[in-house]
Amino acid sequence: MKLIVCLFLMFFNLSAFANQLGLGVSLGNPTGLNGKYWLDEKTAVDGGLGMSLGKNTDVSIHSDYLLHKEGAFFFNDVHPLDLYYGLGARMEFEDDINLGVRIPVGLAHRVENKRADIFGEVAPVIDFITSTGLELHILFGGRYYF
């Protein structure tokens with residue numbers, strides 16, 4: 001009986017978060033894994049773990065707080081594109097650890113009854129600890145929501 005009660009409680013807890021947590025991949029700079037957790041209908045937190053492709057192959061992680069404007073644009077007058085923007089942080093592992101601020105702006109399209117999304121994002125990164133400089137992240141990717 002305890003097992004049935006535990007399974008019921010686990011299922012109930014998972015269904016409370018249905019379509020709020022998405023996991024997927026991103027291609028670009030950096031290429032790797034990403035996730036997004038919706039706090040409510042207009043705000044979310046995302047994060048990524050990846051590495052740059054090309055000459056400099058440093059591993060980086062980032063996380064952003066995002067605001068969304070649903071249906072800001074339409075593709076072919078049928079497919080709504082959500083505009084999102086926000087502020088976050090990035091940590092890059094080179095010889096030393098670089099810390100910086102990210103300012104992401106992107107478009108996302110939710111598909112399959114909001115069970116998945118595809119997105120494109122541009123995010124200037126301003127490094128200010130260990131080294132200083134400006135970098136541009138350009139990402140394309142997709143996520144599946146559980």
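In the predicted model, strand 1 (residues 21-28) runs antiparallel to strand 9 (residues 133-145), and 7 bridges join the two. Within this pairing, G22 has Y145 of strand 9 as its bridge partner. Strand 9 is also paired with strand 8 (residues 116-129), again in the antiparallel sense, over 12 bridges. Two of the residue pairs in this ladder are I118 with G142 and I126 with L134. The two strands form a hairpin in which 3 residues lie between them.

Strand 8 takes part in further pairings. Strand 7 (residues 105-111) pairs with strand 8 in the antiparallel sense over 7 bridges, and H109 has I118 of strand 8 as its bridge partner. I118 is thus bridged to H109 as well as to G142 of strand 9. Strand 7 and strand 8 also form a hairpin, with 4 residues between the strands, where E112 adopts a positive phi near 50 degrees. Strand 6 is joined to strand 8 by 4 bridges, and these strands likewise run antiparallel; here the partner of G100 in strand 8 is D127.

These pairings belong to a protein with 1 helix and 9 strands. Along the sequence, the elements follow the pattern α-β-β-β-β-β-β-β-β-β. Of the 146 residues in the protein, 34% are buried. Among contacts with a separation of 6 or more, 44% are accounted for by residues 24 or more positions apart.

Two loops contain backbone features of note. Most residues other than glycine have a negative phi, and most peptide bonds are trans. In the loop between strand 1 and strand 2, where P30 is placed, a cis peptide bond joins N29 and P30, with omega at about 0 degrees. In the loop between strand 8 and strand 9, which holds T130, the phi of T130 is positive, near 75 degrees, although the residue is not glycine.

T130 also appears in the surroundings of N98, a residue of strand 6 (residues 97-102). N98 counts as buried because its relative accessibility is 2%, under the 20% limit for that class. The side chain of N98 makes a polar contact of 3.1 Å with the side chain of E94. A second polar contact, of 3.3 Å, links the side chains of N98 and S131. When neighbours within four places in sequence are set aside, N98 is in contact with R90, M91, E92, D127, I129, T130 and S131. The contact set of N98 therefore includes D127, a residue of strand 8 that is the bridge partner of G100.

L67, which lies in strand 4, differs from N98 in its exposure class. With a relative accessible area of 32%, L67 is partly exposed, whereas N98 is buried. The C-alpha atoms of L67 and G86 are separated by 6.0 Å, although the two residues are 19 residues apart along the chain. Not counting residues up to four places away in sequence, L67 touches K42, T43, L83, Y84 and Y85.

With respect to internal space, the count comes to 1 cavity of 30 Å³ or more. The largest cavity holds about 40 Å³ of space. Its lining consists of N34, G35, D46, G47, H62, F119, E121, L139 and R143. Strand 2 (31-38), strand 3 (43-51), strand 8 and strand 9 each give two or more residues to this lining. By class, the lining of the largest cavity comprises 2 nonpolar, 4 polar and 3 charged residues.

The largest pocket contains about 290 Å³ of space. It is lined by 12 residues, and those nearest its centre are W38, E41, E70, R110 and K114. At least two residues of the pocket lining are supplied by strand 4 (59-75), and at least two by strand 5 (79-93). The lining of the largest pocket is made up of 3 nonpolar, 3 polar and 6 charged residues.

Technical notes. Residues are numbered from 1 along each chain as its sequence is written. This is a predicted model: local features need pLDDT of at least 70, side-chain atom pairs count only at pLDDT 80 or more; totals for chains, interfaces and linings use all residues. Side-chain values use heavy atoms; hydrogens and water are left out. Two strands pair if DSSP finds at least two bridges between them. On a 1 Å grid over the protein atoms alone, a cavity is a set of points where a 1.4 Å probe fits but cannot get out, and a pocket is an open set with protein on both sides within 12 Å along at least five of seven lines; lining residues have an atom within 4 Å of a point. Grid points are joined across faces, edges and corners, and a volume is the space filled by probe spheres set on the points. Ala, Val, Leu, Ile, Met, Phe, Trp, Tyr, Cys and Pro count as nonpolar, Asp, Glu, Lys and Arg as charged, and the others, Gly among them, as polar. Buried means under 20% relative accessible area, exposed over 50%, partly exposed in between (1.4 Å probe, protein chains only). A polar contact is a pair of N or O atoms within 3.5 Å; within protein, one must be able to donate a hydrogen and the other to accept it, and residues adjacent in sequence count only if both atoms are side-chain atoms. Contact means heavy atoms within 4.5 Å.
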